[in-house]
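Here are my notes for you on this one. Keep the 3D view open and turn it as you read.

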Amino acid sequence: MGIVAWIVLGLVAGALAKLLLPGKDPGGLVVTTLIGIAGSFVGGWLSSRFLHRPVSAHFFDLATWGSAIAGALVLLILYRIFFGNSRK
């Protein structure tokens, strides 16, 4: 996949992570979107590095989407831990 596909995937993964983990984020929509983009890169890297499951070159691969959403969720949780509590 190209860099544009990863960005689009990250935007969607960030939105899905926000949907799965509702609450007020300290950074708002823009930061959540950037976390989704970074999460897609992190999720893909972790999947290929530690699970020995390289991310496919196909945009509509279920493992690619799963790793991107999982990476976005992890980064969103870490962001909330370090930069604010969503239950205030």
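The numbered points below go from the whole chain down to single residues.

1. First, a caution: what you're looking at is a predicted model. So treat each point as a description of that model.

2. Start with the overall layout. The protein has 3 helices and 0 strands, and from the N terminus on the elements simply run α-α-α. Of its 88 residues, 32% count as buried. As for the outside, about 5600 Å² is exposed, and carbon and sulfur atoms supply 74% of that area.

3. How do the parts of the chain meet? Take the contacts between residues at least 6 apart in sequence: 73% of them join residues at least 24 apart. Keep that in mind when you get to the helix packing below.

4. Now α1. This helix has 18 residues and reaches 25 Å from its first C-alpha to its last, close to the 26 Å expected at 1.5 Å a residue. Its buried residues are Trp-6, Leu-9, Gly-10, Ala-13, Gly-14 and Ala-17. Look down the axis of α1 and those buried residues fall within an arc of 145 degrees, so they line one face of the helix. It helps to recall that an α-helix has 3.6 residues a turn, so residues three or four places apart point the same way. The cover over the buried residues of α1 includes α2 and α3, while Val-4 and Leu-19 are exposed on the other side of α1.

5. Which residues make the nonpolar surface patch? They are Ile-3, Val-4, Ile-7, Val-8, Leu-11, Val-12, Leu-16, Leu-19 and Phe-41, and together they cover about 760 Å². Helix α1 gives the most to this patch, with 8 residues. One of the patch members, Val-8, sits in α1. Val-8 counts as partly exposed because its relative accessible area is 37%, and partly exposed is the band between under 20% (buried) and over 50% (exposed).

6. On to α2, which covers 28–50. Its 23 residues should span 33 Å at 1.5 Å a residue, and its end C-alpha atoms are 31 Å apart, which agrees. Buried here are Thr-32, Ile-35, Gly-36, Ile-37, Gly-39, Ser-40, Gly-43, Gly-44 and Ser-47. These buried residues of α2 pack against α1 and α3.

7. Next, α3, covering 62–83. With 22 residues at 1.5 Å each, α3 should span 32 Å, and the 31 Å between its end C-alpha atoms agrees. Its buried residues are Thr-64, Trp-65, Ser-67, Ala-68, Ile-69, Gly-71, Ala-72, Leu-76, Tyr-79 and Arg-80. What covers them includes α1 and α2. Just after the helix comes Gly-84, whose phi is positive, near 155 degrees.

8. Last, zoom in on Leu-21. Where does Leu-21 sit? Find it in the loop between α1 (3–20) and α2. Is Leu-21 buried, exposed or partly exposed? Its relative accessible area is 22%, so it counts as partly exposed; the cut-off for buried is under 20%. Leaving aside neighbours within four places in sequence, Leu-21 is in contact with Leu-73, Leu-76, Ile-77 and Arg-80. Two of these partners, Leu-76 and Arg-80, are on the buried list of α3. Ile-77 is 56 residues from Leu-21 in sequence, yet the two are 8.4 Å apart in space, C-alpha to C-alpha.

How values were computed: Residues are numbered from 1 along each chain as its sequence is written. This is a predicted model: local features need pLDDT of at least 70, side-chain atom pairs count only at pLDDT 80 or more; totals for chains, interfaces and linings use all residues. Side-chain values use heavy atoms; hydrogens and water are left out. Helices (H or I, at least four residues) and strands (E, at least two) are DSSP runs, numbered from the N terminus. Buried means under 20% relative accessible area, exposed over 50%, partly exposed in between (1.4 Å probe, protein chains only). Contact means heavy atoms within 4.5 Å. Patches are made of residues with over 30% relative accessible area and no salt bridge: like charges are joined within 9 Å, nonpolar side chains (Val, Leu, Ile, Met, Phe, Trp, Tyr) within 5 Å. Accessible areas come from the Shrake-Rupley method with a 1.4 Å probe; for residues, only the protein chains shown count as cover. A salt bridge is a side-chain nitrogen of Lys or Arg within 4 Å of a carboxyl oxygen of Asp or Glu. The expected span of a helix is 1.5 Å times one less than its number of residues. The arc is that of the directions from the helix axis to the C-beta atoms.
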